Amino acid sequence: MMDLLEAMVKPPLDAEFRPAVLENRNFQRRAKPVGVRAVIGLARSDGEFSRFETLVYPEGHPDFELNFPYVERIVKFLVWQRGGHTVYIGGPSAIAEHIRSVYSANGARTFDAHFMGMLVYEKEFSVVGCSADEVPASRETGKLLGRNLKGYRIGFDLGASDRKVSAVMDGEPIYSEEVIWEPRNNMDPEYHYREVMAALKSAASKMPHVDAIGGSSAGIYVDNRPMVASLFRGIPQEKFATIRNMFLRIREEMGVPLEVINDGDVTALAGSMSIEDNGILGIALGSSEAAGYVNMQGHIMGWLNELAFAPVDYSPNAPVEEWSGDRGCGASYFSQQCAFRLAPKAGIEIPADVTDAEKLKFVQQKLEAGDPGARRIWKSMGIYLGYGIAHYADFYDLKHVLILGRCTSGRGGDLLIEGVKKVFAAEFPELQKIELHLPDEKIRRVGQSVAAASLPVV
């Protein structure tokens, strides 16, 4: 493993934190005098292709084997940030062999390989070794979705506990409703279809006609098809094909353009429309970590942005992410899971027999009351976030970061921003140009429903 650098700004409740951004940049510094070019490529659907270039030690160098953990962590990040069913490793062949073994049926990343291959892209996940020059050219078209406000539109947002829908006329909501539902426990695909159609017809009844429909939902969406989504976790696998094609069916029946994408991307789009600028990464610190991105040209890239599973801490003792079994992933640092993990170290005993939402509320009430242990939790989270954003900035072009979610409410939001700024000042002064935003009235000016409704082009 690489030498692990300590953070200059230490989280008060985590002395073992070893930021990924420091390790990656240290590796590059050390490899640069002798380094050879390596290119990582990721093939997605519809011919989309991402490239990431870096330096590695050449074959025969005494530190050659340090390439293995370095490239493995970069690939892991890229797979969850951008998505892909085929990974190209352009560089020394031994590195490709290592990545292939890690992503094999018996390898450490077998979960990731199965998830990306069969669940998201419906094909076998594979690793291709080649020279750096043989990695295909980048094809990142993205979609200029959103900002289409003219006409009569419907915007919807499918959440875990309620479904929201709005009738929108020329960018102004003229009707909105929220309906409680229970999607996660329902095994019948027709239940989901009926509920979504009921919402759309309710909004449609408030307008003379409908020109377009746009929606957001948690999960991974590829070409308007939910490939993996917690909302539909109750659907048996043999019936999931019906859910995958549900929005295509709805589009055909409604007879108008329809776009549905990940709710993180819609949040980033809403932020971009509000502040009237691009290059924005939205990070939601809620029950897990959700993210969305609008690039410098205002495009939504079709990337997964599932940063909950992307590594940010390289410590061998970093917490294990319960679903993938990997260590040091974003969900353990940028969500309520972080508060629960750090609470015992802060001397806070959280009641065991309550919901997660009530657990977070319990810790937040202590924070608002000035409890020093609770302050240390949010100070630690803010420092994590500072190093996390610095890490993300190596993979995204950023002008703005929108920080939202239930962990940011009250004093928590200010402590998070304070931590990020402290890290930037100490370690990454070049990143102080990135504007940090907590949701305020300016950001809320364009709501999720309006941003979703603006997705389709008519």
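## Glu59, out in a loop

Glu59 is exposed in this predicted model, with a relative accessible area of 55%. That puts Glu59 past the 50% mark, so the label "exposed" applies. If you want to find Glu59 in the viewer, go to the loop between β2 (49-56) and α2 (67-82).

What does Glu59 touch, once residues up to four places away in sequence are set aside? The contacts are Phe64, Pro92 and Ser93. For a sense of distance, take Met8: Glu59 and Met8 sit 51 residues apart along the chain, and their C-alpha atoms are separated by 33 Å.

## Salt bridges, starting with Glu6 and Arg18

Now for the charged pairs. Side chains of opposite charge can pair when their charged atoms come close. In this model the salt bridge count comes to 30.

One of them joins the side chains of Glu6 and Arg18, at 3.9 Å from N to O. With a cut-off of 4 Å, that distance is within the limit, so the pair counts. Both partners belong to the segment before α1 (20-31), and they are 12 residues apart. Their surroundings can be read from accessibility: Glu6 is partly exposed at 47%, while Arg18 is buried at 15%.

## A buried pair: Lys76 and Asp112

Next, look at Lys76 and Asp112, whose side chains meet in a salt bridge with an N to O distance of 2.6 Å. This pair links helix α2, where Lys76 sits, to helix α4 (residues 110-120), home of Asp112. Along the chain the two are 36 residues apart.

Are these partners buried or exposed? Lys76 has 0% relative accessibility, so Lys76 counts as buried. Asp112 also comes in at 0% and counts as buried.

## Asp326, Arg109 and the network

Asp326 forms a salt bridge with Arg109, and the closest N and O atoms are 3.3 Å apart. Asp326 lies in the loop between β13 (289-294) and α9 (336-342), and Arg109 in the loop between α3 (93-102) and α4, so this salt bridge ties together parts that are 217 residues apart in sequence. Both Asp326 and Arg109 are buried.

Which residues end up in one network through shared salt bridge partners? They are Glu72, Arg73, Lys76, Arg109, Asp112 and Asp326. In other words, the Lys76 and Asp112 pair described above and the Asp326 and Arg109 pair belong to one network, along with Glu72 and Arg73.

Note on methods
Residues numbered from 1 in each chain as written. Predicted model: local features only at pLDDT ≥ 70, side-chain atom pairs only at ≥ 80, totals over all residues. Heavy atoms only, no water. Helix = DSSP H or I, 4+ residues; strand = E, 2+ residues; numbered from the N terminus. Buried < 20%, exposed > 50% of the residue type's maximum accessible area, 1.4 Å probe, protein only. Contact = heavy atoms within 4.5 Å.
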